[in-house]
Amino acid sequence: MPSSWVGTPVLRREDDRLLRGHGRFVDDMHAAGMLHAAVFRSPVAHARITSLDVSAALALPGVHAIFTAADLGDVNRPFPLPVPHPKLRAKTPVPLASDTVRYVGEPIALIVADDRYIAEDAFDHIAIDFEPLVATPSLEGALAGGDCVIHPDLGDNVAARFGQSYGDVEAAFAAADVIVRESFTSDRGSGQPIETRAIFAVPDVNTGVITVWDTTQSPHVARRLMAATLDLPEDQIHVIAPDVGGGFGPKVVFYPEEVIVPFAARALQRPIKYVEDRLEHFRATVHEREQVHECELAAKSDGTLLGMRVRIVHDTGAYVPWGVIVPFITLTTIPGPYHLPNYDAEVTVVYTNRVPVTPHRGAGRPQAVFSMERMLDRLANELHLDQAEIRRRNYIGADEFPYDVGLIFRDGSPMSYDSGDYPQAQQTALERIGYDAFPAYQAELRAQGRFVGIGMAGYVEGTGLGPHESARLRVDSAGKIRIMSGAASQGQGHETTLAQVAADALGMPMEDISVRTGDTAGVPYGIGAFASRLGALASSAVKIGATQLRERILQAAGAFLEVSPDDLEIVDGSVRVAGSPSQSIRLGDLAVQSSGAFPGSTLPNDLVEIGLETTAYFRPTQSTYASGFHVVTVEVDPVGGIVTILKYVIAHDCGNAINPLIVEGQVQGGLAAGIGGALYERTVYDDMGQLISGSFVDYLLPTSAEVPAAEIHHIHAPTPLNPLGAKGAGEGGTIPAPAAIVAAVENALWPDGSFHLHAFPLTPELVWQAARDAQAPA
Amino acid sequence: MTTDRHDIAFTLNGKPYERTVDGRLLLSDFIRHDLEFTGTHVGCEHGVCGSCTVLVDGNPTRSCLMLAVQADGRTIETIEGLTPDSAPLAPLQAAFRKHHGLQCGYCTPGFLMTATALLRSGEHLSQREIREAMSGNLCRCTGYSGIVAAVDEVMNGVGKTDAV
């Protein structure tokens, strides 16, 4: 047994069942009398529904019911907005489109049948007529407005305009020696967990309670929104997220199917399962990433930054299901690890006839880092400075924390960086990749007709967003500790890490501690898994709870043994008097007796609390800021447009790592998503708003052949903001990767900085095109 | 919509089965929902992600691209057949655990079946070649390092990652 479980690379408890094929995912669940559902979706991007007749489909043998908007009645109203913003003119989704459809894939009807095959057969028998409306599947088109206003009562397609600024940007630009201007774009990408969304609603005819097995990242939020939309008390809805096959953001969001499937199950009093297929996932599960940034950076001739102006246009798709936090986070992430004394950023959020947009791993930060880091690369070129040096000259120092940026973060608190060491991260990564020797290597290969390049990017990431996270801990009658966390898991390994935290705080072996997550019945309130908040918040809640539980155990044992709690220790499943092991009580017996084992008896007067259970919350006062630096070398084949990553080095700071094995897995896995976002993953719509990239043949996820094992170094700057000193680790692998990789490609083809790449993903076609346009040597 | 029914006989994880199935039923759905071996997962249903990989007569096969009727006369192996429930994890499974080659675990059965066939071939591949050989399976969580290290360790008796 290690002296501290926290910090030890403990192998995961989840693995055994998953490796044997014994995991239980939503589609693995069965129930007697189960029916299957399929969703009939809009085949067009923008149209008025003029008629809808499902009678022929309903007549098919094996079809039990078809639900349209009319069948839902009052339930078919716009969803509550989970994250409001005062400047947001929010159009939230409705469960089923009744009048107008606004993107290809928007749900129109739910078909319930004996099996999924029959439910899909029914699609062909639904008679629907549309009056086409002009579709606007692009940012430029939506901003121009013209013939297409997606939500007519708004008058135009602008969902929100907001901004933030500090300092005096005008004066900064007036005083500048050099001003760099550039425009950057990022295309739509998406989370693409390998398990698609799934919902299995099981009504209990005896109690009226409906159990909803759901792939959600936020079971408690899902339950609240189900209760609000279905007009049911929360205690009539039991949401369970069992094993979930990856989340990455899209499964945080509340979807129409989470209303219509439980609705149908209640109406028919039958269990109903809905499993999204991959084409539906592309057409109906949220996307992210598409933004246009107009940037201007003012600096002194020595490279000192003076000020920055940024105009961001953000595509939210046809609705706002969550809020405007993606561009909000972009705006607040741009200043990054640098002294930027003056800053002015404005955001315009635009509706388009495409799938709605909410956060995906990185959540607006990859775009932000891309702009800032690429602007620094430009500035370095302009001033004939080394790219590492220009960053070095502007870093916030390790002795400057807490550092007030001057902005308000998306949790409503002032952005105050709490900890970090940005220069150390850069230095470590550059040393490890051999930065100083690279130019000679590059020149040598160039002489052989080979194009290698190097690129770098740093970031600061607000992690561990509030409002809180919860944990309930209980000693059961066998003396084992049972923990329920409010934060669901989609592969992050909570069953292991939370047990590590509890073992240390309780002073008990991990074997005596089990963890469950994702069940609304397990803990009264919970928030969920997003914003890299598990290590910082869920773990902190467990630590607080386990510390309380230990006190409670000792207090109760003291009352029953009639000794002072200070004289007690927990050893081998018993509480005993130190130095007098015969005076002891088994933990299981203590749990039973302290909760009132004998009806009609009297508990000891000294017993303060009934039972050995506690529910703890950790409420952060603000986000805690993780950070890191990526540097990458690539080789580019300008003829084929192929980019090969030669070496990838990451120096990152997530404070204290609870389980280094899991942290490295998060960083490496995050990098794979970052590489996908940098080079492969591009969502394409045509001019009519038809989704062109609706399969993994068209939308490319990186494979083991494209993702190298990164060399990962830990910079250790624990946060003072939570009891574990931990910061989020789930997104840092992703965030700066597009900036670093695109910079490396640019450097490979044009080491003199003569041509600029300003978009991601940089797909092979775009590499080839850019190389041709710039007449790079090929 | 009724479709034609077919009698099939096959072996699954060493046990003989006889069933009558719809002509259009996918092998993946048949294994998961009819035979209730839910360890085989479905990720895309268009043959790209590899999550539904099973071994058919020893060959890694996407069960979403095969019909149940085509299982007639074949020998099929799924994740559940790799290790008896009561036995410790097989070396490949244990290596996945040791190298953190899985996170959510959804794609894992497909990777294990692909790797099982690769290991049975008796070939000794470099890490680069292992990466190519495993590139027909998609993982969205791990970034592949742990998977490659695990296969390498079982195949070649080494346990390093390929960080350079």
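Two strands pair if DSSP finds at least two bridges between them. Keep that in mind for the close-ups below, which all come from a predicted model.

**View 1. Strands β19 and β25 of chain A side by side.** Here β19 (residues 469–475) of chain A runs antiparallel to β25(A), and six bridges join the pair. Pick out A:Arg474 and look across to β25(A): its bridge partner there is A:Glu613.

**View 2. The four-stranded sheet of chain A.** Zoom out a little and you get an open sheet with mixed pairing, in the order β21-β20-β19-β25. β21 (513–517) and β25 (613–618) of chain A sit at the edges with a single partner strand each, so one side of each has no neighbour in the sheet. From one strand to the next, the twist averages 20 degrees.

**View 3. Two helices packing on that sheet.** Helix α15 (residues 494–506) of chain A touches β19, β20 (481–485) and β21 of chain A, and its direction makes about 135 degrees with that of β21(A). Helix α16 (residues 534–561) of chain A packs on the sheet too, touching β19, β20 and β25 of chain A, at about 145 degrees to the direction of β25(A).

**View 4. Where domain 1 of chain A meets domain 2 of chain A.** Chain A is split into domain 1 (18–133 + 191–284), domain 2 (291–465 + 621–773) and domain 3 (466–618). At this contact, domain 1 of chain A brings 29 residues and domain 2 of chain A brings 26 residues. On the domain 1 side, that's 18 nonpolar, seven polar and four charged residues.

**View 5. Chain B against chain A.** Here 47 residues of chain B touch 47 residues of chain A. Chain B's side consists of 20 nonpolar, 18 polar and nine charged residues.

Terms used. Residues are numbered from 1 along each chain as its sequence is written. Chains are lettered from A and ligands numbered from 1 in the order in which they are written. This is a predicted model: local features need pLDDT of at least 70, side-chain atom pairs count only at pLDDT 80 or more; totals for chains, interfaces and linings use all residues. Domain bounds come from an automatic or database domain assignment. Two residues are in contact if their C-beta atoms, placed from the backbone, lie within 7 Å. Ala, Val, Leu, Ile, Met, Phe, Trp, Tyr, Cys and Pro count as nonpolar, Asp, Glu, Lys and Arg as charged, and the others, Gly among them, as polar. Axes are lines fitted to C-alpha atoms, for helices over the stretch in contact, and angles run from 0 to 180 degrees between N-to-C directions.
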